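Student: I would like to go through this model with you, one question at a time. Please show me the sequence and the structure.

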Amino acid sequence: MLRLSAHPSGRHFLQIPGPTNVPDRVLRAIDHGTIDHRGPEFGELGKSVLSGLKKLFRTESPVIIYPASGTGAWEAALVNALSANNLVLMAETGHFATLWKKMAVSLGLRVEFLPGDWRRAADPDVIEARLRADTAHEIKAVCIVHNETATGVTSDIPAVRKAINRASHPALLMVDTISSLGSIDYRHDEWGVDVTVAGSQKGMMLPPGLSFNAVSEKALAASQKSDLRRSYWDWHAMIAINPTGYFPYTPATNLLYGLHEALEMLFDEGLDTVFQRHKRHAEATRRAVRAWGLEILCADPDRYSPSLTAVMMPEGHSADAFRKIVLDHFNMSLGQGLSKVKDKVFRIGHLGDLNDLTVCGTLAGVEMGLALAGVPHQPGGTRAAMSYLTEKAEVRSR
Ligand code: PLP
């Protein structure tokens with residue numbers, strides 16, 4: 001029997017690493033009568049969001065919008081650019097890299113999966129060595145998850161690009177930015193990425209439902225010769241009509257109104273300011289975790305994620321039981337540990353639409369939850385984060 005509980009007062013704290021909070025401005029923009037997706041009003045909206053996306057991906061190349069979750073954009077990247085039995089090099093950074101790898105195998109690709117311990121980033125030196133050994137250029141693509149949402153580890157994409165260049169290898173570079181775009185500095189053109197995969201529901205501050213491929217000329221040329229079966233995901237049908245602002249099939253019209261608003265918000269704040277904000281909030285969170293005496297899953301401080309922090313539970317304590325206590329008592333959702341780290345870590349999302357007080361409220365909820373769950377820790381993590389945020393306080397311009 002469905003039991004409806006009384007309305008919990010105050011706002012739910014959605015502090016998972018995506019989907020993230022959707023700002024009221026974006027919700028209001030989505031709240032719009034559905035329009036004719038082949039009429040004149042839509043063409044203007046389509047052109048505007050397609051050109052705004054180029055600014056966000058920092059590219060002059062086409063950005064394709066799919067009415068799909070991020071998984072769809074993963075598939076689109078692979079099926080457009082590659083052929084059956086192609087060899088692909090992927091790095092095991094965590095759960096999402098593993099899912100992308102499984103998808104590649106199920107699509108008929110051969111995958112070499114560089115092993116990882118889920119605590120470190122993709123290693124550019126290992127990638128370079130493997131590419132140098134591939135003198136026959138059998139490897140057709142290197143696929144990297146920029147920010148591994150399961151672990152809170154960010155890989156160094158410019159370093160991976162340099163590794164490919166140093167090996168003088170022609171493989172395409174494909175990058176998953178689902179939990180980095182709009183939160184962490186990212187440059188499709190400057191970093192020489194061939195296909196960037198992204199999703200709407202994290203740094204872009206939208207509900208789930210849109211996903212993206214930014215596609216370099218080299219990737220487009222590869223797609224002319226690739227033979228993996230595709231229809232719905234075909235880039236060319238999109239690219240043929242997108243310059244008019246229209247789509248080959250019914251787009252997610254209302255989400256595109258939201259996208260228009262979200263892009264305006266990101267550009268108004270300034271992308272560099274947005275990235276800086278995420279770094280500050282990530283550092284505040286890590287200071288809290290250290291003050292509690294808990295361990296951060298990411299083992300390499302140079303690769304800490306600005307968009308989320310995965311925290312290891314002390315031996316003998318259940319991360320999921322702790323998260324349930326936090327949800328039940330404080331109406332806050334924290335991210336669960338996924339697959340290999342299930343019940344061993346919890347994840348604090350600090351990406352998207354949040355400010356210093358959202359971060360402090362989140363950390364206070366974690367700290368109170370640790371006490372209620374009987375998890376051994378030192379009190380004072382929230383205080384440590386507050387001190388850091390005070391020291392680095394920023395004036396919010398109006
Ligand atoms: N890649 C990364 C890095 C993700 O974080 C996610 C989802 O959280 C995905 C891929 C899959 O995207 P979706 O769940 O939107 O299909």
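The questions below take up the ligand, the two sheets and a few loop residues.

Tutor: This is a predicted model, in which local features need pLDDT of at least 70 and side-chain atom pairs count only at pLDDT 80 or more, while totals for chains, interfaces and linings use all residues. Residues are numbered from 1 along each chain as its sequence is written, and side-chain values use heavy atoms, with hydrogens and water left out.

Student: Which helix gives the most to the shell around the ligand?

Tutor: A residue counts as near the ligand if one of its heavy atoms lies within 4 Å of it. The residues around the ligand include G70, T71 and W74, and also F96, D176 and K202. Helices (H or I, at least four residues) and strands (E, at least two) are DSSP runs, numbered from the N terminus. With 3 residues, the helix that gives the most to the shell is α3 (residues 70-81).

Student: How many residues of the shell around the ligand are polar by class?

Tutor: Ala, Val, Leu, Ile, Met, Phe, Trp, Tyr, Cys and Pro count as nonpolar, Asp, Glu, Lys and Arg as charged, and the others, Gly among them, as polar. The shell has 4 nonpolar and 2 charged residues, and its polar residues number 6.

Student: How far is the polar side-chain atom of K202 from an oxygen atom of the ligand?

Tutor: A polar contact is a pair of N or O atoms within 3.5 Å; within protein, one must be able to donate a hydrogen and the other to accept it, and residues adjacent in sequence count only if both atoms are side-chain atoms. An N or O atom in the side chain of T71 is 2.5 Å from a ligand oxygen, and for the side chain of T149 the value is also 2.5 Å. For K202 the distance is 2.8 Å.

Student: What share of the ligand's own accessible area does the protein cover?

Tutor: Accessible areas come from the Shrake-Rupley method with a 1.4 Å probe; for residues, only the protein chains shown count as cover. On its own the ligand has 380 Å², and the share covered by the protein is 86%.

Student: Why is one side of β2 and of β4 left without a neighbour in the sheet?

Tutor: Two strands pair if DSSP finds at least two bridges between them. The 7 strands form an open sheet with mixed pairing, in the order β2-β10-β9-β8-β5-β3-β4. β2 (63-66) and β4 (110-114) stand at its edges, so each has a single partner strand.

Student: Do β5 and β8 run parallel or antiparallel, and what is the residue opposite I144?

Tutor: Strand β5 (residues 139-145) is joined to β8 (residues 172-176) by 5 bridges, and the two run parallel. Opposite I144, in β8, stands V175.

Student: What angle does helix α4 make with β4?

Tutor: Contact means heavy atoms within 4.5 Å. Axes are lines fitted to C-alpha atoms, for helices over the stretch in contact, and angles run from 0 to 180 degrees between N-to-C directions. Helix α4 (residues 95-106) packs on the sheet and touches β3 (87-91), β4, β5, β8 and β9; its angle with β4 is about 160°.

Student: Which strands are at the edges of the sheet of 5 strands?

Tutor: This open sheet has mixed pairing and the order β1-β13-β14-β12-β11. Pairing on one side only, the edge strands are β1 (13-15) and β11 (295-296).

Student: Which residue in β14 is the bridge partner of V311?

Tutor: Strands β12 (residues 308-312) and β14 (residues 345-349) run antiparallel and are joined by 5 bridges. The partner of V311 is F346.

Student: Which residues does P314 touch?

Tutor: P314 is in the loop between β12 and α11. Leaving out residues up to four places away in sequence, P314 touches L294, V375 and P376.

Student: What is omega of the cis peptide bond between G18 and P19?

Tutor: Most residues other than glycine have a negative phi, and most peptide bonds are trans. P19 lies in the loop between β1 and α1 (24-30). The cis bond that joins G18 to P19 has an omega of about -5°.

Student: What is phi of N85?

Tutor: N85 is in the loop between α3 and β3. N85 is not a glycine, yet its phi is positive, at about 75°.
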